[in-house]
Amino acid sequence: MSRIFGAVRQNGYVVRDIHAAMKHWIEIMGVGPWYYMDRVKTDWFRHRGQDSAVEMSIALANSGDLQIELIQQRNDAPSLYREFLDAGHEGLQHMSYWSHDYQALYDKALGLGYRIGHEGQIGGDKGRFAYFDTEAHPGTVIEISDISGTKGPFFEKVRQAAMNWDGTRPIREVGGAK
């Protein structure tokens, strides 16, 4: 438990091949099912204060109460994901903390001196997320995510699906993309 942010709810892995990563987690780790979004539509996205047209695919699954997120950036737009890959890394990039009172947590972090690396919004004004520029070594970026909107129930659906997963339908596409 972080005295600042609460419990870690998600480990986020930045990968070069999301399909190979899902296959590894399914076949080697036994984790699934994966909820796969081929091209995530952000309402807006900024990297270091500048608008960025990042394109990414995301897959989500749970192991117990911990959500695993796989992210493959699909273009060269500026982001902390691109910086991580360009530095020669692949794998654990961030840990995420979730909040129903996102703005208070966001303001608290800024008040403590944390700086935004990138931030955005998915699914309306209750879908904000921010990644703080905290990477002292690979895998130490802190993300906070607003779960007071549609993300909260969706994340719970992912968690529930993993509880008694029998290995069938290991990848479940979200949205219309194939």
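These questions and answers walk through a predicted model of a protein.

Q: How many helices and strands does the secondary structure of the protein come to?
A: Let's start with the overall build. Helices and strands are both present in this predicted model. The totals are four helices and 11 strands.

Q: What is the radius of gyration of the protein, and why does it count as compact or not compact for its length?
A: The protein has 178 residues, and the globule rule gives 16 Å for that number. The value for this model is close to that, so the protein is as compact as a globular protein of that length. Its C-alpha atoms fill a box of roughly 45 × 30 × 30 Å along the principal axes. The radius of gyration is 15 Å.

Q: Among contacts between residues at least 6 apart in sequence, what percentage join residues at least 24 apart?
A: Here we look at how the chain meets itself. Contacts between residues at least 6 apart in sequence form the starting set, and those that join residues at least 24 apart are picked out of it. Their share is 64%.

Q: How far apart are the mean positions of the positive and negative charges?
A: The protein carries 20 positive and 23 negative charges. Taking the mean position of each set gives two points. The distance between them is 3 Å.

Q: Which kind of aromatic pair do Phe 45 and Phe 129 form?
A: A search of the whole structure finds 12 aromatic pairs. In the pair of Phe 45 and Phe 129, the centres are 6.3 Å apart and the planes stand at 45°. An angle between 30 and 60 degrees is neither stacked nor edge-to-face, so the pair counts as tilted.

Q: Why does the pair of Phe 45 and Phe 129 tie together separate parts of the sequence, and how many residues apart are they?
A: Phe 45 belongs to strand β3 (residues 44-47), while Phe 129 belongs to strand β9 (residues 128-132). Both residues are buried. The pair therefore ties together parts whose separation in sequence is 84 residues.

Q: Which kind of aromatic pair do Tyr 81 and Tyr 131 form?
A: Tyr 81 sits in helix α2 (residues 80-86) and Tyr 131 in strand β9, so the pair links parts of the chain 50 residues apart. The ring centres are 5.5 Å apart, with 90° between the planes. Planes over 60 degrees apart meet the cut-off, so this pair is edge-to-face.

Q: Is Tyr 131 buried or exposed?
A: Residues under 20% relative accessible area count as buried. Tyr 81, its partner, has 2% relative accessibility and counts as buried. At 1% relative accessibility, Tyr 131 is also buried.

Q: Is Arg 82 buried or exposed?
A: Arg 82 lies in helix α2. Leaving aside neighbours within four places in sequence, Arg 82 is in contact with Gln 73, Asn 75, Asp 76 and Ala 77. Its relative accessible area is 15%, so Arg 82 is buried.

Q: Which residues does the cis peptide bond with omega of about -5° join?
A: One of the two lies in the loop between α1 and β2 (34-37), and that is Pro 33. The bond links Pro 33 to a glycine. The residues joined are Gly 32 and Pro 33.

Q: What is the phi of Arg 169, which is not a glycine?
A: Arg 169 is found in the loop between α4 (151-163) and β11 (171-173). With a relative accessible area of 55%, Arg 169 is exposed. Its phi is positive, at about 45°.

Key:
Residues numbered from 1 in each chain as written. Predicted model: local features only at pLDDT ≥ 70, side-chain atom pairs only at ≥ 80, totals over all residues. Heavy atoms only, no water. Rg over C-alpha atoms; globule rule 2.2 N^0.38 Å. Contact = heavy atoms within 4.5 Å. Lys, Arg positive; Asp, Glu negative; His and termini not counted. Charge placed at Lys NZ, Arg CZ, Asp CG, Glu CD. Phe/Tyr/Trp six-rings, centres within 6.5 Å; stacked < 30°, edge-to-face > 60°. Buried < 20%, exposed > 50% of the residue type's maximum accessible area, 1.4 Å probe, protein only.
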